[in-house]
Amino acid sequence: MPSLLSITAHFFLQIAVILLTYRLLWPLFRRLAQVQVVAIMVAGFLLGPSVLGWIWPSGQSWLFPTTLTIGAETLPHPNLTAIYVVGQLGLVLYMFLVGASFKLDILGAHARQAGVTSAAGIGVPLVLGGLVGWWMVSLGGYFTDKVEHWQGGLFVAAAVAITAFPMLAWIVYDSGLLNTRLGTMALSCAAVDDACSWVLLATVVSTAKGSMSGAFLAVGGGLGYLLFMLVVGRRLLARLETWTPPRADTERTGGLPIAHVSVVLLVILTASWFTDVVGIYSVFGAFVAGTVMPRGALLDGIRERFEPIVAYLLLPAFFIYSGLNTQLNLILDPATLVMAGVVLVVSFAAKFGAIGLAARSQGMSWYEAGSMGALANARGLMELILLNIGLEAGLISSKLYTILALMTIITTFVATPLLRMFQRRLQLSGSRFGPAGQEPDDLPSVAERTE
C-alpha cells in the first residue's frame, strides 16, 4: 500500500500533467473555434488508455494507475480515488458558479418558449434513444445481464437527452450570450432536460437493484429540495447581502468576509450532499444553490475569485477520470462501429434537430433556432457523469461506455463551430442576439441598457 506522502506527490504530478497537456492543446483548439473546456476534456481522453496507453502503455499505467493489488485482492488505486474526489469537488463548485450567473429575469420573459423547447429536448430523445437502447439489449454486449429491454431504452434515452450544462454555460459565457434570450433559454432547457434525464437514470438504477423506491425518492426529494430553496432558502440567504466591498483607500480592497464565504460553501456542500443522497446527484443541488443566492457584491466577488481555481485546477481532474474509462479499441469491429454511427445520428437528430425545429416554431429566427439546437447538442460533462454512474452501477459494458463517450466528444466538439457559423451569418445580416431575441446591431448593448 503506497504511503500518504507518495499518493500526494503522485497526485500533484498527475494534475500538473493534465494542465500541461491542456495548455499545449489550447492554441490548436482556439484556431478551431473551440472554448477552453473542450481542450480540457480532450486532454483527459488523450491521457487515458485509448491514446497515451496505446502509444506508451507502461508510462500511462504508471502515471495514472487505476487498480492496486494487495495479495489476492484488487482494489481501486488511491490516486484514482483522489482524482475522482477532486473532480467531483470541482464539478459542484463550478455548477454553483453557473447557477450564480443564471439570468432568471430573462427566463421569466420567455418561459413559454423555454417550456416548448425543453419538452422537445426530452420527448424526441425518449422515443429515438429508447428504441436504440431496446435494440442494444436485444443484441447483447452493450448492457450487463441484469438490465431489461425497457431499462436499456431508458438509459440510452437519458444519454441522448442530456446536455452538458456546465460546458454549455462555459460556451454561452465565452460567446458573450449570457445576457441574451438565446443563452438564457439554452441554459434553462439544459437544466430541465438534464433533470428529467437524471430521473430516468435513477429509475434504471433503482429498478436494476429490484426497487422503485430510488426513483420515487429522486422525484420527491428533488422537488422538495427545489421548493425549499425557492421559498425558504432564498429568504435566508438574502441576509448574506449585508456586505459591501471595502472603500478603495482601505488596506484590504476587495477582500471577502470569511464568515459570509464560509456560509456559502456550507450551503453548496450540504445541497450537493442532499441531492446526491436522494438520487438526482450533486450537480443539481449546487446549481440550484447558485440560482437562489442574492445577487450583489458578495456573489460577484466569490465568482471572480473562485472561477480560475475551479475551472483550471479542480475541474480537469474529472475529465482525466472519465478518460481513464474510455477504451476506443473496444469499438473497432464493424458491427460496433455501425452501432456507434447509429447512436451519433440519433443524438444529432434528437437534440440539434428537435430543439432547433421547436425553437423555430416558437417564433425564433432560423439563426437563433439553429444556435439553440447546436448548444443543446453539446453533452460533455453531464454525459460523462451519467456514463460513470452507469458503469459503476454495473449497468453498461465498457463497449457502450466508449460508444457514448465518443458521441460525447463529437457532439460537444461541433457545438461551438456551429454556433459561431450562425453568429457570423447573423452579423452579416446586420443583427445580433439580444435579450429579446434577434435584434438590429445598432441597438444599445445589454450593458448600456442597464446603466
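How far apart should the ends of helix 5 be, given 1.5 Å a residue and 23 residues? The expected span is 33 Å. The end C-alpha atoms of helix 5, which covers residues 78-100, are 33 Å apart, so expectation and model agree. Helix 5 is also mostly covered, with 18 of its 23 residues buried.

## Overall picture

This is a predicted model. The protein chain holds 20 helices and four strands. It has 451 residues, of which 56% count as buried.

Contacts reach across the sequence. Take those between residues at least 6 apart in sequence: 78% of them join residues at least 24 apart.

## Helix 2

Helix 2 runs over residues 36-46 and is mostly covered. Ten of its eleven residues are buried. Among them are Q36, M41, G44 and F45. The buried set also includes V37, V38, A39, I40, V42 and A43.

## Helix 12 against helix 14

Helix 12 spans residues 258-278, and helix 14 spans residues 297-314. The two pack at an angle of about 75°. Their axes are 11 Å apart. Angles of 65 to 115 degrees count as roughly perpendicular, so helix 12 and helix 14 are roughly perpendicular to each other.

Which residues in helix 12 and helix 14 meet? Helix 12 brings H260, V261, V264 and L265. Helix 14 brings L298, I302 and F306. By class, this contact has six nonpolar residues, one polar residue and no charged residues.

## Aromatic pairs

A search of the whole structure finds five aromatic pairs. One of these is F11 with F12, a tilted pair. The ring centres of F11 and F12 are 6.4 Å apart, with 55° between the planes. F11 has 14% relative accessibility, so it counts as buried. F12, at 56%, counts as exposed.

Y225 and F274 form a pair too, with centres 6.1 Å apart. Their planes lie at 35°, so this pair is tilted. Y225 sits in helix 11 (residues 213-237) and F274 in helix 12, so the pair ties together parts that are 49 residues apart in sequence. Y225 counts as buried at 8% relative accessibility. F274 counts as partly exposed at 31%.

## F155 in helix 8

F155 lies in helix 8, residues 149-161. Is F155 buried or exposed? Its relative accessibility is 1%, so F155 counts as buried.

Leaving aside neighbours within four places in sequence, F155 is in contact with F143, L201, V204, L386, L387, G390, I396 and L404. F155 and L201 are 46 residues apart in sequence. Their C-alpha atoms are 6.1 Å apart in space.

## T326 in a loop

Where is T326 found? T326 is in the loop between helix 15 (316-323) and helix 16 (334-361). At 3% relative accessibility, this loop residue counts as buried.

T326 and S50 are 276 residues apart along the chain, yet their C-alpha atoms are separated by 6.6 Å. Neighbours within four places in sequence aside, T326 is in contact with F45, P49, S50, Y401, T402 and A405. One of these partners, F45, is a buried residue of helix 2.

Technical notes
Residues are numbered from 1 along each chain as its sequence is written. This is a predicted model: local features need pLDDT of at least 70, side-chain atom pairs count only at pLDDT 80 or more; totals for chains, interfaces and linings use all residues. Side-chain values use heavy atoms; hydrogens and water are left out. Axes are lines fitted to C-alpha atoms, for helices over the stretch in contact, and angles run from 0 to 180 degrees between N-to-C directions. Angles under 35 degrees count as roughly parallel, over 145 as roughly antiparallel, 65 to 115 as roughly perpendicular and the rest as oblique. Contact means heavy atoms within 4.5 Å. Ala, Val, Leu, Ile, Met, Phe, Trp, Tyr, Cys and Pro count as nonpolar, Asp, Glu, Lys and Arg as charged, and the others, Gly among them, as polar. The expected span of a helix is 1.5 Å times one less than its number of residues. Buried means under 20% relative accessible area, exposed over 50%, partly exposed in between (1.4 Å probe, protein chains only). Rings of Phe, Tyr and Trp (its six-membered ring) pair if their centres lie within 6.5 Å; planes under 30 degrees apart count as stacked, over 60 as edge-to-face and the rest as tilted.
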